[in-house]
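Colleague: Got a minute to walk me through this one? I'd like to go over the charged pairs, a helix and a sheet.

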Amino acid sequence: MIRELAMKSRSFRGYDASRAVTREELMALVDCARYAPSSVNRQPLKYYLAYRREQLERIQPLTGWARALPEMRLPRPGHEPTGFIVICQETEWDPDLGRYLKDVGIVAQTMLLAATEMGLGGIMIGNFSPKRVAEALELPDHIVPMLLVAIGKPDETVVLTEVREDGATNYWRGEDDVHYVPKRKLEDIII
């Protein structure tokens, strides 16, 4: 079951804007994530939930999407996510921002797998300015944005393929607007 969820959980860059994500759904995702392991069990992360239009309009312009496709503007207008979870570190609990980066990844992946199980999808966004996001959301100085997780009902097709013979792992969009994601073969990653 976890393998199936992992294969369905893709980095989606297009969403059905008519399907609003609710506060309760975002809370359920964070509730799953709070059970994830944490370095020395410090649990230094907090979460800002964005689901109202004015919140989404403050966050979306501060994000960068699909660096491997610089010629494209993604998400396309009208296909933006209808929810965001801003994973933040509470620096009063621990000021070392580098120490808990693995915790950030663990909780983000946990939320994305839970979103897949709920019929939603998402993407981790690291291309943003923590300072600008903190200012836009009026976060106190001791709450530092570490990663953004966009959430919504996927409105695109993502197809997994094998890495090409030249070894390139960049994803691409076909003329049919299908998003292709190459994955290395199992035997190529075992040492």
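Colleague: Let's start with Arg 19. Buried, exposed or partly exposed?

Modeller: Arg 19 is partly exposed, because its relative accessible area is 25%, and buried would need under 20%. Keep in mind that this is a predicted model.

Colleague: Which side chain does Arg 19 meet in a salt bridge?

Modeller: That's Glu 25, with an N to O distance of 2.7 Å.

Colleague: And Glu 25, is it buried or exposed?

Modeller: Glu 25 counts as buried, since its relative accessibility is 15% and the cut-off for buried is under 20%.

Colleague: Which residues are buried in helix α2?

Modeller: Helix α2 covers residues 23–33, and Glu 25 is on its buried list together with Leu 26, Leu 29, Val 30 and Ala 33. Looking down the axis of α2, the buried residues fall within an arc of 140 degrees, so they line one face of the helix.

Colleague: What do the buried residues of α2 pack against?

Modeller: They pack against β1 (45–50), β2 (83–90), α4 (101–117) and β4 (143–152).

Colleague: Back to charges. How many salt bridges are there?

Modeller: The count comes to 11. One of them joins Arg 34 to Asp 31, with the closest N and O atoms 2.5 Å apart. Asp 31 is partly exposed, because its relative accessibility is 34%.

Colleague: Which residue does Glu 54 form a salt bridge with?

Modeller: Glu 54 forms one with Arg 52, where the closest N and O atoms are 3.2 Å apart. Glu 54 is partly exposed, at 42% relative accessible area, and Arg 52 also counts as partly exposed, at 40%.

Colleague: Which residues do shared salt-bridge partners join into one network?

Modeller: The network holds Arg 76, Glu 156, Arg 173 and Asp 177.

Colleague: While we're around there, where is Arg 53 found?

Modeller: Arg 53 is in helix α3, which spans residues 53–59. Arg 53 is exposed, because its relative accessible area is 63% and the line for exposed is over 50%. The C-alpha atom of Arg 53 is separated by 8.0 Å from that of Thr 82, and the two residues are 29 apart along the chain.

Colleague: OK, on to the sheet. What order do the strands come in?

Modeller: There's an open sheet of 3 strands in the order β5-β7-β6, with mixed pairing. The edge strands are β5 and β6, and each of them pairs on one side only.

Colleague: How many residues of β7 are buried?

Modeller: Strand β7 (residues 179–183) is mostly covered, with 4 of its 5 residues buried.

Colleague: Do β5 and β7 run parallel or antiparallel?

Modeller: Strand β5 (residues 158–162) and β7 run parallel, joined by 5 bridges. As an example, Thr 161 of that pairing stands opposite Pro 182 in β7.

Colleague: And β6 with β7, parallel or antiparallel?

Modeller: Antiparallel, with 2 bridges between strand β6 (residues 172–173) and β7. Arg 173 has His 179 in β7 as its bridge partner.

Colleague: How many residues sit between β6 and β7 in the hairpin?

Modeller: There are 5 residues between them, and Asp 177 in the turn has a positive phi of about 65 degrees. Asp 177 is also one of the residues in that salt-bridge network, as is Arg 173.

Note on methods
Residues are numbered from 1 along each chain as its sequence is written. This is a predicted model: local features need pLDDT of at least 70, side-chain atom pairs count only at pLDDT 80 or more; totals for chains, interfaces and linings use all residues. Side-chain values use heavy atoms; hydrogens and water are left out. Buried means under 20% relative accessible area, exposed over 50%, partly exposed in between (1.4 Å probe, protein chains only). Two strands pair if DSSP finds at least two bridges between them. A salt bridge is a side-chain nitrogen of Lys or Arg within 4 Å of a carboxyl oxygen of Asp or Glu. The arc is that of the directions from the helix axis to the C-beta atoms. Contact means heavy atoms within 4.5 Å.
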